[in-house]
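Open the model in your viewer and switch on residue labels. We will move from stop to stop, and each stop tells you what to select.

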Amino acid sequence: MTVWKNNYGMLQYQVLPSKSKTHPYLFVSVIYQNQRVRTLLNLIIDEKCWDSKKQKIKVSATKSAAMNDKLNTIASKLTNFTIAEYH
């Protein structure tokens, strides 16, 4: 599932297990003009609390509202950047 997708690109979050198995990594992947950038976000997320279909932290998780606000802010900034680049 993706956060946004249009004719120019898409944004998707991915939770990937860490090598140490202590904290999963949350990545943001952006594909724009056929180029992909994937970067690690400074957010620690329990895999059980991640809703991959909604690309959000489940409401039942501790501090989910604040963390989802951060994810929304990141998505909004990246969306505005790609729109500004195109126009």
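Between which two strands does the loop with glutamine 55 lie? Select glutamine 55: its loop runs between β5 (50–51) and β6 (56–57). Strands (E, at least two residues) and helices (H or I, at least four) are DSSP runs, numbered from the N terminus.

**Before we go on**

This is a predicted model, in which local features need pLDDT of at least 70 and side-chain atom pairs count only at pLDDT 80 or more, while totals for chains, interfaces and linings use all residues. Residues are numbered from 1 along each chain as its sequence is written, and side-chain values use heavy atoms, with hydrogens and water left out.

**Stop 1: the whole chain**

Show the cartoon. You should find one helix and six strands. Along the sequence their order is β-β-β-β-β-β-α. Now show the surface. The accessible surface is about 6,300 Å², and 53% of it belongs to carbon and sulfur atoms. Such areas come from the Shrake-Rupley method with a 1.4 Å probe; for residues, only the protein chains shown count as cover. Of the 87 residues, 33% are buried. Buried means under 20% relative accessible area, exposed means over 50%, and partly exposed is in between (1.4 Å probe, protein chains only).

**Stop 2: two loop residues**

Go back to glutamine 55. Its phi is near 55°, a positive value in a residue other than glycine. Most residues other than glycine have a negative phi. Next, select lysine 63, in the loop between β6 and α1. Lysine 63 also has a positive phi, near 60°. Is each of these residues buried or exposed? Glutamine 55 is buried, because its relative accessible area is 4%. Lysine 63 counts as exposed, because its relative accessibility is 64%.

**Stop 3: strands β2, β3 and β4**

Select residues 25–32, which form strand β3. Six of its eight residues are buried, so β3 is largely enclosed by the rest of the structure. Add β2, residues 9–16. β2 and β3 pair in the antiparallel sense over eight bridges; two strands pair if DSSP finds at least two bridges between them. Look across for tyrosine 13, which stands opposite valine 28 in β3.

Now add β4, residues 35–40. Six bridges join β3 to β4, and this pair is antiparallel too. Here serine 29 stands opposite arginine 38. The hairpin of β3 and β4 has two residues between the strands, and glutamine 33 takes a positive phi near 50° there.

Stay with arginine 38. Its charged end sits over the ring of phenylalanine 27, 5.0 Å from the ring centre. A charge sits over a ring if NZ of Lys or CZ of Arg is within 6 Å of the ring centre and within 35 degrees of the ring normal.

Then pick glycine 9, in β2. Glycine 9 and asparagine 34 are 25 residues apart in sequence, yet 7.4 Å apart in space, C-alpha to C-alpha.

**Stop 4: an aromatic pair**

Show the side chains of tyrosine 13 and tryptophan 50. Rings of Phe, Tyr and Trp (its six-membered ring) pair if their centres lie within 6.5 Å; planes under 30 degrees apart count as stacked, over 60 as edge-to-face and the rest as tilted. By this rule there is one aromatic pair. The ring centres of tyrosine 13 and tryptophan 50 are 6.3 Å apart and the planes are at 85°, so the pair is edge-to-face. Tyrosine 13 lies in β2 and tryptophan 50 in β5, so the pair ties together parts that are 37 residues apart in sequence. Both residues are buried.

**Stop 5: the core and the helix**

Which residues have the most contacts inside the largest nonpolar core? Select Tyr13, Leu26, Trp50, Ile57 and Leu71. This core has 16 residues. A nonpolar core is a set of buried Ala, Val, Leu, Ile, Met, Phe, Trp, Tyr and Cys residues joined through side-chain atoms within 4.5 Å. β2, β3 and α1 each supply at least two residues of the core, and β3 gives the most, with four.

Finish at asparagine 68, in helix α1 (residues 64–86). Asparagine 68 is buried, because its relative accessible area is 11%. Leaving aside neighbours within four places in sequence, asparagine 68 is in contact (heavy atoms within 4.5 Å) with Lys56 and Ile57. Ile57 in turn touches residues including Ile45, Cys49, Trp50 and Leu71.
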